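I wanted to go through the empty spaces in this model and then one of its strands. These are my notes from the session.

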Amino acid sequence: MPDAVVIGAGPNGLVAANVLADAGWSVEVLEEQPEPGGAVRSDRGVDPAFVNDLFSSFYPLAAASPVLGAMRLADEGLRWSHAPRVLAHPLPDGRCAVLDREVGRTAANLDTFAPGDGAAWRELYEGWERVGADLLGCVFTPFPPVRAGLRLAARVRAADGLRLARTMLLPARRLGEETFAGDGGRLLLAGNALHADLSPESALGGGYGWLLCMLAQSYGFPVPVGGAAALTGALVRRLERRGGSVRCGERVTQVVVRGGRAVGVRMASGEAVPARRAVLADVSAPALFLRLVAAEHLPGPLLDALRRTFQWDFSTFKVDWALDGPVPWSAEGAVGAGTVHLADDVDDLTLFAAQIATRHVPARPFALVGQMTTADATRSPAGTESAWAYTHVPQEIRGDAGPDGLTGVWDRREREAMADRVEARVERYAPGFRALIRGRRILAPPTLRSLDANLEGGAINGGTTALHQQLVFRPALGAGRPETPVRGLYLASSGAHPGGGVHGAPGANAARAALHGPAARRAISSLQRALIRPGRSPH
């Protein structure tokens with residue numbers, strides 16, 4: 001009997017298993033898919049000569065993560081690679097905002113949009129250098145982040161602390177307008193905010209966009225050499241060297257609870273796998289509390305809150321390509337960038353997000369393009385490019401703002417029409433792009449969900465990044481930590497604080513909570529009782 005069973009071999013599940021194994025626990029990881037990795041996988045499914053990442057590709061949060069850093073994955077063979085430029089945002093008139101790993105080059109580029117914008121960027125970055133490490137400490141540790149919070153408070157004076165708090169809460173549009181006179185810096189902030197589901201007008205969007213921009217400036221957007229699966233492989237090898245195991249093709253259908261405590265799991269095959277000390281679930285919050293755990297073991301207000309108030313993030317639509325040559329960008333600044341954002345201006349981003357908010361498929365999708373061979377030459381033969389683009393669509397579709405009558409059934413006609421719409425967007429900024437396509441693969445929301453059950457409706461962040469579902473509100477009011485109402489059961493996925501991104505924090509937080517056991521539960525019980533009481537409305 002293992003000390004712990006981990007449901008799901010995504011990055012958070014594998015991090016959790018590694019942290020437990022480091023403490024001497026025996027660990028068994030059960031994964032539904034035929035291979036580990038969750039949303040960190042790659043294959044040769046588009047063309048045998050090309051490596052394409054199925055889901056995530058660029059890992060600034062992994063590079064910054066103290067959790068993954070402490071695991072010394074280089075010892076397991078993991079190597080990182082960088083594109084010559086981190087990120088570019090070309091415009092139809094040929095100008096291009098470029099975020100370079102060298103801050104002077106980024107600043108010089110932004111000065112071409114408006115004199116003084118380079119100095120404004122440097123000021124943002126200098127602020128990041130003062131507080132970034134402690135701020136990440138607050139982000140990556142369980143809520144409330146007492147130690148990291150005290151360090152951050154000691155580093156900033158009262159007025160500076162208020163300015164930082166305001167910056168984090170501002171919408172991306174407002175932060176951009178207050179900071180930059182030209183379009184370049186504004187687009188870098190707003191485009192990065194839309195890596196999540198934060199529109200230019202959303203509270204927290206400015207802070208999220210600033211955080212990603214500063215991570216890009218400090219760490220770049222690195223990729224694993226050989227494909228995303230190399231990161232997963234390193235985590236699996238590390239775990240196995242410490243005695244842990246990963247079983248794939250095993251779908252967990254039930255968390256077994258006795259006497260108010262999780263004692264194991266049951267699989268679709270009927271096999272029961274007991275756990276001596278803990279069960280950690282790298283699954284979505286709704287899947288854990290509404291499907292895997294029987295309702296009689298959970299407080300009614302928690303179940304009610306998840307049914308009524310839990311919000312998924314935007315759905316994702318992705319296209320993978322094998323290209324016979326580099327993308328022929330009109331704007332020179334986009335050549336050599338690993339990540340390219342495609343939208344005409346901030347208003348274009350607002351329209352895109354507004355159409356999603358009204359449950360319409362956007363007519364002019366904001367496309368995030370990954371040039372993977374540019375970032376890692378091992379991904380495809382010399383002179384070619386392994387590339388992808390993704391965009392967002394509503395979870396629930398009521399109409400199509402474009403001409404194709406898309407309804408969200410995502411049959412072959414709708415998949416092809418939406419892929420053509422994304423390709424037309426790329427073609428607008430890179431004439432001749434479509435002539436280079438050797439092969440393509442379409443990953444519509446249902447396809448993503450079939451490849452990773454955590455990606456409900458194609459959502460990639462485990463729930464909205466919006467302010468109302470962060471901290472003690474993630475995944476529901478009174479949560480905010482990995483402990484659950486069932487003793488010995490811990491939420492270890494991006495559905496828990498701090499949310500999406502490949503950084504391992506939810507998994508590490510859950511593992512540490514399991515290691516501390518009753519002491520950690522006593523420390524948070526009063527807060528949870530205050531926020532969720534039987535018979536009390538979550539509103």
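The entries below cover a pocket, a cavity and a strand, in that order.

**Entry 1: the pocket**

I kept in mind throughout that this is a predicted model. I began with the second largest pocket and got a volume of about 820 Å³ for it. Its lining runs to 32 residues, and I noted the ones closest to the centre: Leu 135, Val 139, Met 168, Leu 204 and Leu 471.

Next I asked which elements give two or more residues to this lining. I found helix H5 (117-140), helix H7 (158-169) and helix H10 (205-219). H7 gives the most, with five residues.

I also sorted the pocket lining by residue type. I got 20 nonpolar residues, eleven polar and one charged.

**Entry 2: the cavity**

Then I turned to enclosed space. How many cavities of 30 Å³ or more does the structure hold? I counted three. The largest cavity has about 50 Å³ of space in it.

I wrote down who lines the largest cavity. From the early part of the numbering I have Gly 10, Pro 11, Val 15, Gly 37, Val 40 and Leu 68. The rest of the list is Leu 231, Thr 232, Leu 235, Val 502, His 503 and Gly 504.

Helix H1 (11-22) and helix H11 (229-241) each put at least two residues into that lining. H11 has the largest share, three residues. By type I get seven nonpolar, five polar and no charged residues around the largest cavity.

**Entry 3: strand E14**

Last stop was strand E14 (residues 315-323). Are its residues buried or exposed? Nine of the nine are buried, so the strand is largely enclosed by the rest of the structure.

I checked the two faces separately. Ser 315, Phe 317, Val 319, Trp 321 and Leu 323 point one way from E14, and all are buried. Thr 316, Lys 318, Asp 320 and Ala 322 point the other way, and these are buried too. I put a mark beside Lys 318 and Asp 320, which are in that buried set.

Then I looked up the pairing partners. E14 pairs with strand E18 (residues 385-393) in the antiparallel sense, over nine bridges. In that pairing, Ala 322 has Ser 386 of E18 as its bridge partner.

E14 also pairs with strand E20 (residues 437-443), again antiparallel, over six bridges. There I noted Val 319 opposite Ile 442 in E20.

Definitions and conventions. Residues are numbered from 1 along each chain as its sequence is written. This is a predicted model: local features need pLDDT of at least 70, side-chain atom pairs count only at pLDDT 80 or more; totals for chains, interfaces and linings use all residues. Side-chain values use heavy atoms; hydrogens and water are left out. On a 1 Å grid over the protein atoms alone, a cavity is a set of points where a 1.4 Å probe fits but cannot get out, and a pocket is an open set with protein on both sides within 12 Å along at least five of seven lines; lining residues have an atom within 4 Å of a point. Grid points are joined across faces, edges and corners, and a volume is the space filled by probe spheres set on the points. Helices (H or I, at least four residues) and strands (E, at least two) are DSSP runs, numbered from the N terminus. Ala, Val, Leu, Ile, Met, Phe, Trp, Tyr, Cys and Pro count as nonpolar, Asp, Glu, Lys and Arg as charged, and the others, Gly among them, as polar. Buried means under 20% relative accessible area, exposed over 50%, partly exposed in between (1.4 Å probe, protein chains only). Two strands pair if DSSP finds at least two bridges between them.
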